[in-house]
Amino acid sequence: MTTSAPATTASSRRGRIVAILSLLGATLFWAGNYIVGAEVVHDVDPLSLVLLRWSIAVVPLLLLAHATERPDWRAAIRSWPWLVALCATGLAGYNLLLYSALQFIGAFDAGLINAFNPALIVLAAAVLLHQPLTRRSVGGVLVALVGVLVVLTDGAPWLVLTNGFGTGQLLMIGAITAWTAYTILGRLAPPIPPIASTSLQALIAVIGLAPLVLLTGGPSLPSTGTGWWALLFIAVFPSVLSYPLWNRALTALPAGSAGVFLNLITVFTTAFTIAAGHPWTYAELLGGVAVIGGVTLANLRPRRLSTPAEA
């Protein structure tokens with residue numbers, strides 16, 4: 001009995017490290033999805049892009065799940081209402097809104113708006129999962145909200161009252177709302193192995209989207225070899241790898257803590273686009289810093305004194 005606590009602590013620490021590494025990989029690949037997706041949507045419409053992405057990814061995901069997790073497929077399929085909801089908010093809904101937004105705004109601006117997502121997850125987790133919301137959390141969310149308004153309005157947040165938001169900005173706000181729902185549902189859903197869950201969601205996405213694409217005249221396809229390579233990148237890295245990594249992390253970390261790592265999508269996307277010569281403004285820079293700072297503040301855990309039960 002005396003060795004069980006240290007062993008449990010060590011196992012928990014290892015699980016947390018693996019979860020953090022999983023989130024780092026997932027966000028890096030998703031940043032690539034922003035940058036590459038912004039180019040592909042000029043050649044392939046968003047609905048076709050989502051369908052093609054998961055059509056390519058679904059078989060590798062199913063094989064990977066079966067080889068590594070050996071899931072009880074019948075038990076997983078019995079949770080189909082949860083899988084449909086997860087697919088509708090995440091694999092299909094979020095990506096359709098993201099790619100639609102990228103038709104109107106660039107990856108740089110989309111990444112900055114996405115930085116508010118962790119703050120939105122904190123609020124949703126407090127309301128729906130009853131996770132504690134402190135004054136620090138509320139303050140951080142408010143700072144992040146101001147930062148996002150600065151980014152959306154190019155440094156003049158008061159203009160929201162008169163001008164509102166553009167189409168691409170509204171679609172991006174819809175995208176981060178969908179991802180918040182996906183994250184919360186991921187915490188509430190029955191325990192299905194992460195890769196198996198992602199693969200079944202991908203299958204649902206293909207089955208559900210294929211008729212819609214056919215009704216709209218069939219899928220549009222990349223017109224160049226570069227476009228096909230870009231599509232393959234999206235199907236492999238942000239799909240076959242990122243979603244299982246994200247879902248794996250959610251089994252070890254609270255939704256709010258995992259949400260903090262979504263900041264890295266913004267960091268990676270900003271770094272890549274600036275390195276490629278994308279122009280930026282001081283309003284975007286200051287707004288992005290405010291968003292990331294506010295989200296970090298909202299997710300800081302208060303230090304607690306040890307009690308005899310915790311010692």
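Right after helix α2 comes R70, and its phi is positive, near 45°. That is a positive value in a residue other than glycine. Keep in mind as you look that this is a predicted model. R70 sits in the loop that runs between α2 and α3 (73-77). Is R70 buried or exposed? Its relative accessibility is 59%, so R70 counts as exposed.

Now step back into α2 itself. At its N-terminal end you'll find a cap: a side-chain oxygen of D45 lies 3.2 Å from the backbone nitrogen of L47. Further along, the helix has a kink of about 35° at A57, shortly before the proline P60. How far apart are the end C-alpha atoms of α2? They are 32 Å apart, and this agrees with the 33 Å that 23 residues should span at 1.5 Å a residue.

Next, the inside of the protein. In soluble globular proteins, nonpolar side chains tend to be buried together. Here, the largest nonpolar core has 66 residues, and W54 and M172 are the ones with the most contacts inside it. Several helices give two or more residues to this core: α1 (4-40), α2 (46-68), α4, α5 (107-114), α6, α9 (167-188), α10 (194-215) and α11 (225-250). Which of them gives the most? It's α2, with 10 residues.

W54 is a good place to pause. Setting aside residues up to four places away in sequence, W54 touches L61, L91, N95, A202, A205, V206, S239 and Y243. Some of those names come back when you turn to T198, a residue of helix α10. Leaving out its neighbours within four places in sequence, T198 is in contact with L61, L91, Y243, P244 and N247. T198 has a relative accessible area of 0%, so it counts as buried.

Just ahead of that helix, look for I192, which is found in the loop between α9 and α10. Being in a loop doesn't tell you whether a residue is covered, so check the number: at 15% relative accessibility, I192 counts as buried, the cut-off being under 20%. What does I192 touch? Not counting residues up to four places away in sequence, its contacts are A76, S79, L83 and S197. There's also a link back to where we began: I192 and E69 are 123 residues apart in sequence, yet their C-alpha atoms are 10.0 Å apart in space.

Another contributor to the core is worth a visit. Helix α6 (residues 117-128) has 12 residues, and from its first C-alpha to its last it reaches 16 Å, close to the 16 Å expected at 1.5 Å a residue. Which residues of α6 are buried? They are N117, P118, A119, I121, V122, A124, A125 and A126. Just after this helix, H130 takes a positive phi of about 60°.

Finally, how far can you trust what you see? The mean pLDDT of the protein is 80, with 78% of its residues at 70 or more. Among the elements, helix α4 (residues 80-101) has the highest mean pLDDT, 93, while helix α8 (residues 160-163) has the lowest, 59. Over residues 303-311, pLDDT stays under 50, and the model has two contacts beyond four places in sequence for this stretch. Where pLDDT is low, the predicted coordinates should not be read in detail.

Conventions:
Residues numbered from 1 in each chain as written. Heavy atoms only, no water. pLDDT = per-residue confidence, 0-100. Helix = DSSP H or I, 4+ residues; strand = E, 2+ residues; numbered from the N terminus. Contact = heavy atoms within 4.5 Å. Expected span 1.5 Å × (residues − 1). Buried < 20%, exposed > 50% of the residue type's maximum accessible area, 1.4 Å probe, protein only. Core = buried A, V, L, I, M, F, W, Y, C linked by side-chain atoms within 4.5 Å. Bend = angle between axes of the 7 residues up to and from the residue. Polar contact = N/O pair within 3.5 Å; in protein donor to acceptor, adjacent residues only side chain to side chain.
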